[in-house]
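Visitor: I'm new here and would love a close look at one part of this protein. Could you walk me through the largest pocket, and then whatever links it to the next one?

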Amino acid sequence: MSTLKRSPADFAFLGGTPAFADLLPVGQLYFPSWERYEAAMRGIFERGWFTNHGPLAQTFERRFAELVQVRNAVTVTNATLGLVMGAKALGLTGTVVVPSFTFVATAQAMTWAGLEVSFADVDPHTHQLTPATVEPVLDDDVSAVLAVNLWGGTCGPSALEALCAERGLTLLFDSAHGTGVSVDGRPLGGHGALEVFSFHATKTLSATEGGCVCTDDDELAARLRNIRSSYGAGEPVAVEVTGNGRFSEAQAAIALLSLEDLPANVANNAMLHAAYVDSLAGIDGIRVVAPTGADESAFPYLVAQVDEEAFGMSRDALVSLLAAENVVARRYFRPGVHRLPPYRDAPRNHTLRLPVTEHLARTLVQLPIGALVDLAAVEQICSLVAAAHRFAPRLHVEEAA
Ligand SMILES: Cc1ncc(COP(=O)(O)O)c(C=O)c1O
């Protein structure tokens, strides 16, 4: 049966056949071949070494440090914990400026580290923090800026480095989306005091769950390693309290396989991204947002902006229409972290308006890209979007909640 939409009745939300038989997710979702996975797990069994900074974790740290050209890559259980540990290892106090247009974990990590969070708006074109968006929220309580390198682009670290140096602020980066991204001739990883990467299954490099704190500061890295292990680790560099942020051998095994396949996965993303750009180009009211501020990107997301008037349908209606076709489009980062608990309830945020963040949160959509997506799927999704636009005046789609 054809899944082309020749009339409104062909859309799945009106009873037509869904364009995809199985759910097509947003996110990288890389799986190594079963044979390579099995061999890696057999090695773990043979060595009888599951965790506590085993040989695979050590090898991965060396290889990732080489990839991002930093002196220290400290693997951790996930990026959220890496950000908490980073703030603790740096001894941050007071208030940290973060963008509101980010995944909620950026701010939550600072809250777990006992810090106040002050939200800054982002640039309307790049969606990133800039000196111009940070300056208005700087006050005497601010001790640090946690910038995010978003969408496989960057926030232009050097301009923020200059601002923070001038104001005596610590600068750290949430580079959860940053594997395979370079700027000013070098990979993300060595900017500011530290950068934190995520190896969640949806990220370009997967450990299923996982993360890494990168820094060129050896003493800071020693503090991080000490915090990572409940008993402390290595040369004792004083830290207030230790914890458990370890990266298991099973995580490291997948991460090493994912690292081997990184060039192929990045090439796949780049091809799919280019296909989306081509196929969506002629549709009024839809614009692909390319990663900005990077020499090289791994294209981990396909971000598009919906202009409701020109497209004929709201972003939320499009998401709902696509969901019925088994296309899981996402609305990152809705509604903006300053509008989520616990932040929306903080008195300082009651009257906070971040117009760019709020506009982006209403209009952006992320479409499937990554290891489970191929060119035929991209063409099918773009044809669905084109049909949604064509038939929009005759479609009354209930908006996704
Ligand atoms: C911008 C950003 N920061 C932090 C995180 C948290 O990463 P993790 O899931 O590894 O804790 C994510 C995860 O999606 C993210 O997108």
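Guide: Happy to! The largest pocket holds about 430 Å³ of space, and please keep in mind that this is a predicted model. Its lining is made of 24 residues, and those closest to the centre are Phe-103, Ala-176, Ser-198, His-200 and Lys-203. If you sort the lining residues of this pocket by character, you get 11 nonpolar, 10 polar and 3 charged.

Where do they come from? Domain 1 (8-29 + 262-329 + 368-394) and domain 2 (34-260) each contribute at least three residues to the lining of the largest pocket. Among the helices, H3 (79-89) and H4 (104-112) each provide at least two lining residues, and H3 gives the most, with 3 residues.

Helix H3 is also our link to the second largest pocket, where it gives the most to the lining, with 6 residues. About 310 Å³ of space lies in this second largest pocket. Here 18 residues form the lining, and the closest to the centre are Val-84, Met-85, Lys-88, Ile-227 and Val-241. Besides H3, helix H7 (218-228) gives two or more residues to this lining. Sorted by character, the lining of the second largest pocket has 10 nonpolar, 5 polar and 3 charged residues.

So, to follow the link yourself, trace helix H3: 3 of its residues belong to the lining of the largest pocket, and 6 to that of the second largest.

How values were computed: Residues numbered from 1 in each chain as written. Predicted model: local features only at pLDDT ≥ 70, side-chain atom pairs only at ≥ 80, totals over all residues. Heavy atoms only, no water. 1 Å grid on protein atoms, 1.4 Å probe; cavity = no way out; pocket = protein on both sides within 12 Å on 5 of 7 lines; lining within 4 Å. Points joined across faces, edges and corners; volume = space filled by probe spheres on them. Helix = DSSP H or I, 4+ residues; strand = E, 2+ residues; numbered from the N terminus. Nonpolar A, V, L, I, M, F, W, Y, C, P; charged D, E, K, R; others polar. Domains from an automatic or database assignment.
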